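I opened this notebook to record a reading of the structure shown below. The entries follow the order in which I looked things up.

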Amino acid sequence: MGDERVKNEALEIMGLFQVLPRLVVFDLDYTLWPFYCECRSKREMPSLYPQAKSILNALKDKGIDVAIASRSPTADIAKTFLDKLGLKSMFVAQEIFSSWTHKTEHFQKINRRTGVPFNAMLFFDDEDRNIQGVSKMGVTSILVGNGVTLGALRQGLTEFSQNWGALERNKQKWKNWGSSETNEQNECPFSVT
Ligand SMILES: [Mg+2]
(Lines give C-alpha, C1' and ligand atoms only; values in the text may rest on other atoms or scores of the structure.)
Protein backbone atom coordinates (compact mmCIF):
# COMPACT_ATOMS: atom_id res chain seq x y z
CA MET A 1 0.00 0.00 0.00
CA GLY A 2 1.36 3.42 -0.94
CA ASP A 3 2.10 6.03 1.75
CA GLU A 4 -0.80 8.26 0.72
CA ARG A 5 -3.25 5.36 0.82
CA VAL A 6 -2.08 4.31 4.29
CA LYS A 7 -2.46 7.89 5.50
CA ASN A 8 -5.97 8.18 4.03
CA GLU A 9 -6.97 4.88 5.57
CA ALA A 10 -5.60 6.00 8.95
CA LEU A 11 -7.68 9.19 8.66
CA GLU A 12 -10.74 7.12 7.77
CA ILE A 13 -10.21 4.91 10.83
CA MET A 14 -9.92 8.00 13.05
CA GLY A 15 -13.15 9.32 11.53
CA LEU A 16 -14.99 6.30 12.95
CA PHE A 17 -14.51 7.41 16.56
CA GLN A 18 -16.32 10.12 18.48
CA VAL A 19 -13.55 10.48 21.02
CA LEU A 20 -9.88 10.48 20.13
CA PRO A 21 -6.77 10.63 22.31
CA ARG A 22 -5.09 14.02 22.72
CA LEU A 23 -1.63 12.47 22.57
CA VAL A 24 -0.31 9.25 21.02
CA VAL A 25 2.99 7.98 22.44
CA PHE A 26 5.27 5.56 20.60
CA ASP A 27 8.13 3.33 21.65
CA LEU A 28 10.98 3.32 19.10
CA ASP A 29 12.72 -0.10 18.83
CA TYR A 30 10.41 -2.71 17.28
CA THR A 31 7.48 -0.28 17.36
CA LEU A 32 8.40 2.55 14.96
CA TRP A 33 11.47 0.84 13.48
CA PRO A 34 12.42 -2.86 13.16
CA PHE A 35 15.70 -2.93 15.10
CA TYR A 36 17.45 -2.02 18.38
CA CYS A 37 19.21 1.25 17.70
CA GLU A 38 22.03 0.43 20.14
CA CYS A 39 23.08 -2.28 17.66
CA ARG A 40 23.36 0.21 14.80
CA SER A 41 25.79 2.89 13.74
CA LYS A 42 24.82 6.56 13.50
CA ARG A 43 26.25 6.56 9.99
CA GLU A 44 23.56 4.17 8.73
CA MET A 45 20.35 5.29 7.09
CA PRO A 46 17.50 3.75 9.12
CA SER A 47 14.03 2.88 7.86
CA LEU A 48 10.72 2.71 9.69
CA TYR A 49 8.09 -0.03 9.63
CA PRO A 50 6.21 0.42 6.32
CA GLN A 51 3.03 2.05 7.73
CA ALA A 52 4.59 4.04 10.58
CA LYS A 53 5.29 7.36 8.87
CA SER A 54 1.87 7.61 7.22
CA ILE A 55 0.20 6.90 10.57
CA LEU A 56 2.27 9.65 12.23
CA ASN A 57 1.34 12.06 9.44
CA ALA A 58 -2.35 11.19 9.70
CA LEU A 59 -2.32 11.83 13.48
CA LYS A 60 -0.67 15.19 12.89
CA ASP A 61 -3.23 16.08 10.20
CA LYS A 62 -6.00 15.24 12.61
CA GLY A 63 -4.46 17.59 15.20
CA ILE A 64 -3.37 14.81 17.55
CA ASP A 65 0.03 15.31 19.15
CA VAL A 66 2.65 12.55 19.09
CA ALA A 67 5.49 11.74 21.51
CA ILE A 68 8.27 9.18 22.09
CA ALA A 69 8.86 7.02 25.18
CA SER A 70 11.95 4.86 24.68
CA ARG A 71 14.26 3.05 27.09
CA SER A 72 17.03 2.94 24.52
CA PRO A 73 20.45 3.32 26.18
CA THR A 74 21.70 5.16 23.08
CA ALA A 75 19.58 8.30 22.89
CA ASP A 76 22.18 9.92 20.64
CA ILE A 77 21.74 7.23 17.96
CA ALA A 78 17.92 7.32 18.33
CA LYS A 79 17.88 11.10 17.93
CA THR A 80 20.23 10.98 14.94
CA PHE A 81 17.93 8.44 13.29
CA LEU A 82 14.81 10.53 14.00
CA ASP A 83 16.62 13.48 12.42
CA LYS A 84 17.66 11.44 9.34
CA LEU A 85 14.08 10.23 8.92
CA GLY A 86 12.78 13.82 9.01
CA LEU A 87 10.79 13.18 12.20
CA LYS A 88 12.77 15.20 14.73
CA SER A 89 10.39 18.18 14.90
CA MET A 90 7.27 16.03 14.86
CA PHE A 91 7.13 15.07 18.53
CA VAL A 92 5.90 17.29 21.37
CA ALA A 93 8.00 15.22 23.80
CA GLN A 94 10.89 12.79 23.29
CA GLU A 95 11.74 10.87 26.44
CA ILE A 96 14.63 8.57 25.51
CA PHE A 97 16.61 7.16 28.45
CA SER A 98 17.22 3.77 30.00
CA SER A 99 15.34 3.19 33.23
CA TRP A 100 14.53 0.38 35.64
CA THR A 101 10.91 1.43 35.68
CA HIS A 102 8.69 0.09 32.92
CA LYS A 103 8.38 3.52 31.35
CA THR A 104 6.28 4.95 34.17
CA GLU A 105 9.03 7.55 34.66
CA HIS A 106 8.88 8.40 30.94
CA PHE A 107 5.13 8.98 31.19
CA GLN A 108 5.41 11.16 34.31
CA LYS A 109 7.79 13.37 32.33
CA ILE A 110 5.57 13.41 29.23
CA ASN A 111 2.58 14.34 31.42
CA ARG A 112 4.54 17.19 33.06
CA ARG A 113 5.84 18.45 29.71
CA THR A 114 2.53 18.35 27.81
CA GLY A 115 -0.12 18.72 30.52
CA VAL A 116 -2.11 15.89 28.86
CA PRO A 117 -3.74 13.61 31.47
CA PHE A 118 -2.87 9.90 31.31
CA ASN A 119 -6.41 8.90 30.39
CA ALA A 120 -6.25 11.11 27.27
CA MET A 121 -3.13 9.28 26.00
CA LEU A 122 -2.72 6.22 23.77
CA PHE A 123 0.55 4.24 23.83
CA PHE A 124 2.10 1.67 21.48
CA ASP A 125 4.97 -0.62 22.56
CA ASP A 126 6.30 -4.11 21.73
CA GLU A 127 7.14 -5.13 25.33
CA ASP A 128 4.45 -6.52 27.56
CA ARG A 129 6.04 -5.30 30.81
CA ASN A 130 5.89 -1.69 29.54
CA ILE A 131 2.26 -2.16 28.50
CA GLN A 132 1.43 -3.55 31.97
CA GLY A 133 3.24 -0.75 33.82
CA VAL A 134 1.91 2.15 31.78
CA SER A 135 -1.69 0.92 31.53
CA LYS A 136 -1.82 0.91 35.36
CA MET A 137 -1.29 4.68 35.17
CA GLY A 138 -4.53 5.01 33.18
CA VAL A 139 -2.97 5.19 29.70
CA THR A 140 -4.64 3.01 27.04
CA SER A 141 -1.68 0.83 26.04
CA ILE A 142 -1.43 -1.46 23.02
CA LEU A 143 1.08 -4.25 22.48
CA VAL A 144 2.33 -4.37 18.90
CA GLY A 145 3.62 -7.59 17.36
CA ASN A 146 5.08 -6.34 14.13
CA GLY A 147 5.50 -2.60 14.53
CA VAL A 148 2.79 -0.01 14.40
CA THR A 149 0.21 -0.76 11.69
CA LEU A 150 -3.27 0.36 10.66
CA GLY A 151 -4.60 -2.68 12.54
CA ALA A 152 -2.80 -1.59 15.73
CA LEU A 153 -4.15 1.95 15.26
CA ARG A 154 -7.70 0.67 14.92
CA GLN A 155 -7.31 -1.55 18.00
CA GLY A 156 -5.78 1.33 19.96
CA LEU A 157 -8.57 3.77 19.11
CA THR A 158 -11.21 1.13 19.86
CA GLU A 159 -9.76 0.40 23.31
CA PHE A 160 -9.25 4.11 23.94
CA SER A 161 -12.89 4.92 23.25
CA GLN A 162 -14.05 1.96 25.39
CA ASN A 163 -11.89 3.14 28.31
CA TRP A 164 -13.08 6.70 27.83
CA GLY A 165 -16.70 5.59 27.71
CA ALA A 166 -16.30 3.59 30.95
CA LEU A 167 -14.77 6.64 32.62
CA GLU A 168 -17.58 8.92 31.49
CA ARG A 169 -20.20 6.45 32.72
CA ASN A 170 -18.51 6.36 36.12
CA LYS A 171 -18.42 10.16 36.27
CA GLN A 172 -22.12 10.25 35.44
CA LYS A 173 -22.87 7.73 38.18
CA TRP A 174 -20.95 9.83 40.68
CA LYS A 175 -22.86 12.94 39.60
CA ASN A 176 -26.19 11.15 39.97
CA TRP A 177 -25.12 9.78 43.33
CA GLY A 178 -24.12 13.27 44.51
CA SER A 179 -27.45 14.77 43.51
CA SER A 180 -29.49 11.88 44.88
CA GLU A 181 -29.12 12.58 48.58
CA THR A 182 -32.74 13.69 48.79
CA ASN A 183 -33.89 10.80 46.66
CA GLU A 184 -33.55 7.49 48.43
CA GLN A 185 -34.85 5.71 45.34
CA ASN A 186 -31.63 6.14 43.36
CA GLU A 187 -29.43 3.16 42.95
CA CYS A 188 -26.00 2.90 44.45
CA PRO A 189 -23.45 3.96 41.76
CA PHE A 190 -21.37 0.87 42.39
CA SER A 191 -24.07 -1.63 41.59
CA VAL A 192 -23.28 -3.88 38.68
CA THR A 193 -25.97 -3.76 36.03
MG1 LIG B 1 10.61 -1.60 21.87
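**Entry 1: the residue after helix 2.** I began with a backbone angle: just after helix 2, Gly63 takes a positive phi of about 85°. I noted at the outset that the model is a predicted one.

**Entry 2: helix 2 itself.** I then turned to the helix that precedes this glycine. Helix 2 covers residues 52–61, and 7 of its 10 residues are buried, so that I describe the helix as mostly covered. I listed the buried positions as Ala52, Lys53, Ser54, Ile55, Leu56, Ala58 and Leu59. I next asked which elements cover the buried residues of helix 2. The cover includes helix 1, helix 6, strand 1 (23–26) and strand 2 (65–70).

**Entry 3: the overall layout.** To place these elements, I looked up the whole fold. The protein has 6 helices and 5 strands, and along the sequence they follow the pattern α-β-α-β-α-β-α-β-α-β-α. I recorded a span of about 70 × 40 × 25 Å for the C-alpha trace along its principal axes. Of the 193 residues, 32% count as buried. I also looked up the contacts between residues at least 6 apart in sequence, and found that 67% of them join residues at least 24 apart.

**Entry 4: helix 1 against helix 2.** I returned to the helices for their packing geometry. Two packed helices are described by the angle between their axes and the distance between the axes. For helix 1 and helix 2, I noted an angle of about 45° and axes 8 Å apart. That angle makes helix 1 oblique to helix 2. The crossing of the two is right-handed. On the side of helix 1, the contact involves Asp3, Val6, Lys7, Ala10, Leu11 and Met14; on the side of helix 2, it involves Lys53, Ser54, Ile55, Asn57, Ala58 and Asp61. By class, I entered 6 nonpolar, 2 polar and 4 charged residues for this contact.

**Entry 5: helix 1 against helix 6.** I applied the same reading to helix 1 (residues 3–15) and helix 6 (residues 150–178), whose axes come within 10 Å and cross at roughly 15°. Because of that angle, helix 1 is roughly parallel to helix 6. This crossing is right-handed. Helix 1 contributes Val6, Glu9, Ala10, Ile13 and Met14 to the contact, and helix 6 contributes Leu150, Leu153, Arg154 and Leu157. I counted by class 7 nonpolar, no polar and 2 charged residues here.

**Entry 6: the nonpolar core.** Which residues have the most contacts inside the largest nonpolar core? I found Val25, Ile55, Phe123 and Val148, in a core of 41 residues. Helix 2 supplies the largest share of this core, with 5 residues. I followed Val25 further: leaving aside neighbours within four places in sequence, Val25 is in contact with Ala67, Ala69, Ile110, Met121 and Phe123.

**Entry 7: Arg129.** I closed with a residue in helix 5 (residues 128–135), namely Arg129. Is Arg129 buried or exposed? Arg129 counts as exposed, because it has 10 C-beta neighbours inside 10 Å, and the cut-off for exposed is 12 or fewer. I also looked up one separation: the C-alpha atoms of Arg129 and Leu143 are 9.8 Å apart, while the two residues lie 14 residues apart along the chain.

Technical notes. Residues numbered from 1 in each chain as written. Predicted model: local features only at pLDDT ≥ 70, side-chain atom pairs only at ≥ 80, totals over all residues. Axes fitted to C-alpha atoms, helices over the stretch in contact; angles between N-to-C directions. Helix = DSSP H or I, 4+ residues; strand = E, 2+ residues; numbered from the N terminus. Parallel < 35°, antiparallel > 145°, perpendicular 65-115°, else oblique. Left-handed = near helix turned anticlockwise from the far one by under 90°. Contact = placed C-beta atoms within 7 Å. Nonpolar A, V, L, I, M, F, W, Y, C, P; charged D, E, K, R; others polar. Buried ≥ 20, exposed ≤ 12 C-beta atoms within 10 Å, placed from the backbone. Core = buried A, V, L, I, M, F, W, Y, C linked by C-beta atoms within 7 Å.
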